[in-house]
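This report reads through one structure, taking its fold, its charged contacts and its surface in turn. Please keep the sequence and the coordinates at hand while reading.

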Amino acid sequence: MLRKKEYVCLALVAATVCVAVTRIFTMPRRIVIHWNFNGVPDKYSDKTFILIMPVISALTWIFLRLCEKHPRMYNFPFKVTDEMSAGKIMNKFMYWVRLILLSMILYLTVCMAGMIHLSDPCMYSATATLLLLIAVATVKVYRNEKRQI
């Protein structure tokens with residue numbers, strides 16, 4: 001059974017599917033699939049390439065959910081006192097990793113679909129938001145780690 005917060009990740013996967021499927025009919029024949037450091041497009045592909053993004057998004061969600069189920073397989077940077085504490089820490093960390101990766105995949109899909117451009121100001125706010133999410137996830141996991149030891 002899925003936790004309530006897992007529906008946020010599934011909504012990101014569904015949004016990626018919706019963007020790719022709805023935009024494929026209205027997009028130009030060639031789409032941008034890579035931008036250089038300055039936000040200038042430098043690689044192009046056929047518009048059907050955008051359909052791989054929902055597949056990547058779904059596989060990322062599935063793989064990271066499976067990884068969450070086996071916390072003892074990971075090399076934690078601290079001594080794990082029991083299986084339960086490792087599982088709680090891993091579940092929280094893997095949720096944040098899923099959330100960040102699925103957000104990035106959705107953002108790239110939206111850029112590939114031509115809905116926004118990497119040179120737009122929203123690119124900087126999206127990047128700042130992702131960095132903030134990474135910082136918050138790191139702090140939360142670190143604080144939880146200190147409490148568990």
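Which residue in β2 is the bridge partner of V32? The partner is Y44, and this pair offers a way into the strand pairing described below. The model is a predicted one, and the statements that follow should be read with that in mind.

## Overall fold

The secondary structure of the protein chain consists of four helices and two strands, and these elements follow one another along the sequence in the pattern α-β-β-α-α-α. Of the 149 residues in the protein chain, 37% are buried.

The helices can be placed by their residue ranges: α1 covers 6-23, α2 covers residues 52-68, α3 covers residues 83-112, and α4 covers residues 121-148. The strands are β1, with residues 30-35, and β2, with residues 41-46.

## The strand pair

Strands β1 and β2 run antiparallel and are joined by five bridges. Besides the pairing of V32 with Y44, H34 stands opposite K43 in β2.

The two strands form a hairpin in which five residues lie between them. Within the turn of this hairpin, G39 has a positive phi of about 85°.

## A buried charge network

How many salt bridges does a search of the whole structure find? The search finds two. As a general matter, side chains of opposite charge can pair when their charged atoms come close.

One of the salt bridges links E6 with R65, whose closest N and O atoms are 3.7 Å apart. Because E6 lies in helix α1 and R65 in helix α2, the pair ties together parts of the chain that are 59 residues apart in sequence. The side chains of R98 and E6 meet in a salt bridge as well, with an N to O distance of 2.7 Å. Here R98 belongs to helix α3 and E6 to helix α1, so this pair ties together parts that are 92 residues apart in sequence. Through shared partners, the salt bridges join E6, R65 and R98 into one network.

Are the members of this network buried or exposed? E6 is buried, with a relative accessible area of 0%, and R98 likewise counts as buried at 0% relative accessibility. R65 also counts as buried, because its relative accessibility of 10% falls under the 20% cut-off.

## Contacts across the helices

Several buried helix residues can be related to positions elsewhere along the chain. L99 is found in helix α3 and counts as buried at 11% relative accessibility; its C-alpha atom is separated by 8.9 Å from that of E6, although the two residues are 93 residues apart along the chain. Y107, which is also found in helix α3, counts as buried at 16% relative accessibility. Between Y107 and T127 the C-alpha to C-alpha distance is 9.8 Å, with 20 residues of separation in sequence.

In helix α4 lies A137, which counts as buried at 4% relative accessibility. The C-alpha atoms of A137 and M94 are separated by 9.5 Å, while the residues themselves are 43 residues apart along the chain.

## Surface patches

Which residues make the nonpolar surface patch of about 600 Å²? The patch is made by F49, I52, V55, I56, L59, I62 and L66. Among them, V55 lies in helix α2 and is partly exposed, with a relative accessible area of 45%.

A positive surface patch is formed by K5, K88, K92 and K140. K5 lies in the segment before α1, and with a relative accessibility of 35% this lysine counts as partly exposed. Why can K5 be described as partly exposed? The value of 35% lies between the limits of 20% and 50%, so K5 belongs to the class between buried and exposed.

## Summary

Taken together, the predicted model has four helices and two strands, with β1 and β2 paired as an antiparallel hairpin. E6, R65 and R98 are joined into one salt-bridge network, while the surface carries a nonpolar patch that includes V55 and a positive patch that includes K5.

Technical notes: Residues numbered from 1 in each chain as written. Predicted model: local features only at pLDDT ≥ 70, side-chain atom pairs only at ≥ 80, totals over all residues. Heavy atoms only, no water. Patch = residues over 30% accessible without salt bridge, like charges linked within 9 Å, V, L, I, M, F, W, Y side chains within 5 Å. Areas by Shrake-Rupley, 256 points an atom, 1.4 Å probe, with all protein chains shown as cover. Salt bridge = Lys/Arg side-chain N within 4 Å of Asp/Glu carboxyl O. Lys, Arg positive; Asp, Glu negative; His and termini not counted. Charge placed at Lys NZ, Arg CZ, Asp CG, Glu CD. Buried < 20%, exposed > 50% of the residue type's maximum accessible area, 1.4 Å probe, protein only. Pairing = 2+ DSSP bridges.
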